[in-house]
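Thanks, everyone; I would like to walk you through one model today, going from a helix pair to two regions of strands. Please keep the structure open in front of you while I talk.

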Amino acid sequence: MKPFPRSPSLAAWLILMVMSSVLLALAGTTVLIDRFARKHAEERAHQHLDQVADKFRDALDHGMARQVAAVQLLAELPALLRADDPAHARAALDAMRHREPEIAWIGLAAADGKVLAANDGLLEGADVSKRPWFQGGKSTLFLGDVHAAVLLAKLLPQAPEPWRFVDISLPVAANPGSVLGVHLSWTWAAALKRDLLDPTLRNDGAQAFVLDRQGAVLLGPPDVKAPDGAAADQFTAVSPSRGHGGFSGLGWQVVVQQPREVAMADYLLLRRQLMGVAGAVLLLFVPLAWALARKLARPLTVLADSIGQNQHLGDRPLPRLAGFAEAEVLSTALNELVERQREHNNTLQELNASLDQRVRDRTAALNLALQGEALNLQRMQNIANSVPAQIAHFDADGHCLFANQAALRLAGLPPERSGMLRLVDLLGDPVPPALLPMASSATTLPQTLRVQHARVVGDDTWHSEVHWLPDGEHGVGAAGGRPGHYLVSFDVSQLKEVELRLQQLSRADALTGLPNRRQFDEHMRASLARERRTGRGLGVVYLDLDHFKRINDTLGHAGGDEVLKTFAQRVGSVIRATDLLARVGGDEFVLVCEGVANPEQMQVLADKVLTAVRAPLRLQNQQVLLSTSMGSALMQDGESVDHLLARADAALYRAKQAGRNGHQFAAADEPVTPTAPPVAQWAATQVMTLAA
Ligand SMILES: Nc1nc2c(ncn2[C@@H]2O[C@H](COP(=O)(O)OP(=O)(O)OP(=O)(O)O)[C@@H](O)[C@H]2O)c(=O)[nH]1
């Protein structure tokens with residue numbers, strides 16, 4: 001069984017699930033609260049800044065409106081600003097100056113722009129006709145935006161900051177053409193800011209600015225640039241001046257800026273607290289989740305550990321699980337399964353034991369059978385190897401499956417070779433014609449054959465008798481139902497030699513080795529056929545040793561034999577290779593001569609023979625005189641061999657009669673004796689004479 005997969009445990013999954021849920025819930029809640037709190041904090045911060053900015057703007061507008069109203073009231077009182085009474089007018093202006101400390105200068109200018117009266121007599125007599133406030137205030141109420149002091153800069157007492165004024169001017173009703181001008185010190189706005197706004201700004205960590213309509217800073221913290229409404233780290237409230245009462249506004253804007261970090265301090269604190277609470281909840285839930293997961297997973301963990309130790313259910317009871325209902329059900333079911341498994345295992349073990357025993361028994365029996373078979377096979381091979389014959393077995397495809405050592409030795413193959421040999425490997429090339437079809441396939445000739453086979457091995461010719469035996473005939477059969485064949489080959493070389501020798505002996509004279517009568521007859525027939533074909537002539541000579549009986553009587557039979565052999569050698573030495581000398585009786589010989597056409601040629605041959613035979617012979621310390629009588633005949637047209645021989649024999653008879661040691665040629669009409677050979681008849685009546 002393959003090992004259990006190493007997946008995360010159930011407890012790990014439960015912890016992961018609980019922690020994921022808690023994390024998700026916490027994260028969701030925290031994000032919601034955070035978004036709500038941040039939005040709320042931003043709205044509140046903006047609202048607060050707007051209120052501060054609006055409050056300061058309103059203070060500026062109301063302050064300016066009040067100054068304008070005071071100046072208008074002064075200008076409309078005819079008794080106060082009389083052009084012909086500058087001192088009176090100066091008194092009124094001084095009173096006004098003292099009543100409104102924000103006024104830095106207040107004066108009455110005549111229609112030509114010459115200052116008639118001013119507080120503290122400042123600039124009286126000076127020409128202000130070119131000043132914007134004079135020009136603007138000639139016809140109606142003029143409001144001039146904040147600007148630096150020009151004429152008054154040197155006349156007014158030194159202040160920490162350069163003098164800057166807001167101008168208010170308007171025509172004086174009692175003196176047509178004259179203009180009442182007021183320079184409000186801009187320090188008024190700074191004081192207003194300081195009194196009204198700075199405590200709040202300090203608490204909020206904010207800064208307030210007053211910008212003119214071009215955006216230049218009219219009032220603000222020293223050394224601070226104009227505020228950037230788009231700064232991401234700042235909350236900005238802008239409150240444009242709307243004017244109030246007689247003050248129609250100069251396009252001022254009150255800008256209040258508060259660092260985002262300061263404005264959102266409460267929110268940031270809340271967020272930190274939220275994170276802290278979330279962290280605490282998480283810390284609390286980790287052990288809680290772990291404990292809960294452990295408790296939930298414990299039954300299954302115990303079960304899994306028990307199964308895992310055995311890597312399978314095994315057959316031991318599993319622990320009983322408790323904790324929750326499903327675990328108990330699972331535990332019970334698994335234990336039932338284990339019990340069944342145990343029973344199955346027992347059954348299987350019993351079956352295995354029985355099967356093992358049966359396999360062992362069968363294997364032992366098979367081994368015994370195989371050993372017996374191997375022994376039998378070995379015996380058969382030993383027998384086959386010891387038999388003096390070549391034995392081989394071929395399958396249906398002509399492959400040699402077995403060859404005994406004699407067969408392999410003859411084929412010049414090593415003893416272990418057998419497979420894939422073919423008939424030609426064992427019998428040599430060429431195989432016997434009768435077995436040719438089986439040289440390539442053994443199936444074509446299923447019958448039993450016996451053939452003679454001669455095989456040249458080196459200098460020797462090995463004769464064998466080959467038996468070709470189909471398997472089927474012997475009941476052996478072959479794999480696949482196609483019978484193979486046995487080849488059994490016996491060495492018959494010696495037999496052949498004896499046979500040849502016998503054959504030779506049957507055709508030769510045992511004493512002289514010359515062809516005997518049988519061979520003579522065969523040769524005579526062949527010569528006759530040749531003569532008839534060529535017409536070159538054919539002659540026969542009968543030869544008979546003279547007085548041989550006497551030689552026998554004198555030298556004994558053995559001496560006679562020696563004489564006969566000597567005679568045969570001497571005659572054989574003078575005849576042509578194409579001539580045949582045969583011994584046809586005791587001391588009778590026949591010479592067959594081809595190519596002899598006339599009696600003269602026959603006589604020449606006879607003379608050579610006579611001369612050779614007469615040569616001295618010493619035998620048994622005796623001088624032996626040999627001579628022969630010869631009768632010859634030439635083949636006549638249409639003559640039979642018997643008649644030819646009969647004529648030659650008759651001529652021999654005449655030679656004997658003529659005193660022996662000579663030659664007689666048979667006439668064409670030579671009388672012949674039809675019954676017995678004349679020589680034999682004659683010889684029986686002669687007396688041998690032997691010259692010592
Ligand atoms: N030694 C020996 N003698 C033989 C053999 N065959 C026959 N003879 C003898 O040869 C003799 C032949 O004698 P004949 O031819 O009858 O007479 P011959 O003495 O030769 O007298 P002519 O022929 O008239 O001269 C006989 O005595 C035979 O016994 C043989 O193989 N060996």
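**A helix pair and two strand regions**

Let me begin with a contact between helices, where Phe567, Arg570, Val571 and Val574 in α14 meet Lys608, Val609, Ala612, Val613 and Arg614 in α15, contact meaning heavy atoms within 4.5 Å. The residues of this contact divide into 6 nonpolar, no polar and 3 charged, where Ala, Val, Leu, Ile, Met, Phe, Trp, Tyr, Cys and Pro count as nonpolar, Asp, Glu, Lys and Arg as charged, and the others, Gly among them, as polar.

Before going further, I should say that this is a predicted model, in which local features need pLDDT of at least 70 and side-chain atom pairs count only at pLDDT 80 or more, while totals for chains, interfaces and linings use all residues. Residues are numbered from 1 along each chain as its sequence is written, and side-chain values use heavy atoms, with hydrogens and water left out.

Helix α14 covers residues 548-574 and helix α15 residues 599-614, and their axes come within 9 Å and cross at roughly 140 degrees; helices (H or I, at least four residues) and strands (E, at least two) are DSSP runs, numbered from the N terminus, and axes are lines fitted to C-alpha atoms, for helices over the stretch in contact, with angles running from 0 to 180 degrees between N-to-C directions.

Turning to the strands, is β5 buried or exposed? In strand β5, residues 179-185, 7 of the 7 residues are buried, so the strand is largely enclosed by the rest of the structure, buried meaning under 20% relative accessible area, exposed over 50%, and partly exposed in between, with a 1.4 Å probe and protein chains only. Val179, Gly181, His183 and Ser185 lie on one side of β5, and Leu180, Val182 and Leu184 on the other. Strand β1 (residues 103-109) pairs with β5 in the antiparallel sense over 6 bridges, pairing requiring that DSSP finds at least two bridges between two strands, and Leu108 stands opposite Leu180. Strand β4 (residues 164-171) also runs antiparallel to β5, joined by 7 bridges, with Val166 and Leu184 as bridge partners.

Finally, there is an open sheet of 5 strands in the order β11-β10-β14-β13-β12, with antiparallel pairing. Strands β11 (400-403) and β12 (449-457) stand at the edges with a single partner strand each, so one side of each is left without a neighbour in the sheet.
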